[in-house]
Amino acid sequence: MKRITLLLFAALLLLGAGCARVPFEATELVPTVPRSAAQLADGVWSSQRGPLVVRHSALFELRGMRVPVEAMLSLDTKAGEARLVAMNEMGVKLYDITVLRDGSRANFVIPDLARYPGFAEAVALSVRRIFLAPAPGAGDQLEVAQRSYQTSREEGGAMLRFTFGGTDAQLLETSCRGADQSWRVRYYRYQRRDGLLFPGGIVLDEDRAGYRLTLWIDSVEPSNE
């Protein structure tokens, strides 16, 4: 992971200032009602539909570097697959990467980035953690507080925790802490548009590598493919 961080730092040429505060307000919590771990897992926004198209802008921040992109993600959680196509602000295609639960494939990476080994894998890892895996499961241990739910399990030598809350008991945070990894993903601004519930903002913090990825979700639509 350290190697990947250094490569990203070198590859992703850019601008000023360190990681800013999270640009989204916290979800308002409401009193909990009886729910099972299975109900919480089944209610995760991305798992309730067929293939989706997620259009978003993103900002990658690493030790003062800031890299904005515009992107489109084709997401099929049931198949365990996502495909991310990203462009810069000038509309130049930067990369096209297919992400699976246990692997990835770089379909295209702009030469300036492709010459840095590990770049595509780092992008794929972020997409996987945000959209595909790990995911809450029906067999997870459940703890219910007055205004939130938390499910957890050990996996691969690390502790996974999933926090739920808000009106629809939606997934608010996924975190992973272990000997060789420490990261969390937070989800904000859940909204319902054309019958689809989805978060308007997502923040991934990779503690060991020291980077943050922030996503502003513009739209989520059923895929026609």
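How many bridges join strand E3 (residues 81-87) to E4? In this predicted model, the two strands run antiparallel and are joined by seven bridges. One of the pairings along the way sets Glu 81 against Leu 100, its bridge partner in E4. Five residues lie between E3 and E4, which together form a hairpin, and in the turn Gly 91 has a positive phi of about 85°.

Strand E4 (residues 93-100) also has a partner in E5 (residues 103-109), with which it pairs in the antiparallel sense over six bridges. Here Thr 98 stands opposite Arg 105 in E5, and the connection from E4 to E5 is a hairpin through two residues. Six of the eight residues of E4 are buried, so this strand is largely enclosed by the rest of the structure.

A comparable walk can be taken through strands E10, E11 and E12. Strand E10 (residues 182-193) pairs with E11 in the antiparallel sense, over 10 bridges. Along this pairing, Gln 191 is found opposite Phe 198 in E11. The two strands form a hairpin with two residues between them, and Asp 194 in the turn has a positive phi of about 50°. On to the next pairing: E11 and strand E12 (residues 211-222) run antiparallel and are joined by six bridges. Gly 201 has Trp 216 as its bridge partner in E12. The hairpin of E11 and E12 has four residues between the strands, and Gly 210 takes a positive phi near 80° there. As for strand E11 (residues 196-206) itself, 11 of its 11 residues are buried, so it is largely enclosed by the rest of the structure.

Turning from strands to a helix, H4 (residues 119-132) offers a simple check of geometry. At 1.5 Å a residue, its 14 residues should span 20 Å, and the end C-alpha atoms are 19 Å apart, which agrees. Helix H4 is also mostly covered, with 13 of its 14 residues buried.

This helix leads naturally to the interior. In soluble globular proteins, nonpolar side chains tend to be buried together. In this model the largest nonpolar core has 53 residues, and Trp 45, Tyr 95, Ile 130 and Phe 131 are those with the most contacts inside it. Helix H4 supplies the largest share of this core, eight residues. The surroundings of Trp 45 give a feel for the packing: leaving aside residues up to four places away in sequence, Trp 45 touches Leu 52, Leu 75, Phe 131, Gln 170, Tyr 187, Tyr 190, Leu 197, Phe 198, Pro 199 and Val 220.

Aromatic rings deserve a look of their own. A pair of aromatic rings is described by the distance of the centres and the angle of the planes. The count of aromatic pairs comes to five. One of them is formed by Phe 24 and Tyr 188, a tilted pair with 5.5 Å centre to centre and 35° between the planes. This pair links distant parts of the chain, 164 residues apart: Phe 24 belongs to the loop between helix H1 (2-11) and helix H2 (37-42), while Tyr 188 belongs to strand E10. Both Phe 24 and Tyr 188 are buried. Ring pairs also bring in Trp 216, linking it with Phe 24 and Tyr 188 into a cluster. Readers may recognise Trp 216 from the strands, as the bridge partner of Gly 201 in E12.

Technical notes: Residues numbered from 1 in each chain as written. Predicted model: local features only at pLDDT ≥ 70, side-chain atom pairs only at ≥ 80, totals over all residues. Heavy atoms only, no water. Buried < 20%, exposed > 50% of the residue type's maximum accessible area, 1.4 Å probe, protein only. Pairing = 2+ DSSP bridges. Expected span 1.5 Å × (residues − 1). Core = buried A, V, L, I, M, F, W, Y, C linked by side-chain atoms within 4.5 Å. Contact = heavy atoms within 4.5 Å. Phe/Tyr/Trp six-rings, centres within 6.5 Å; stacked < 30°, edge-to-face > 60°.
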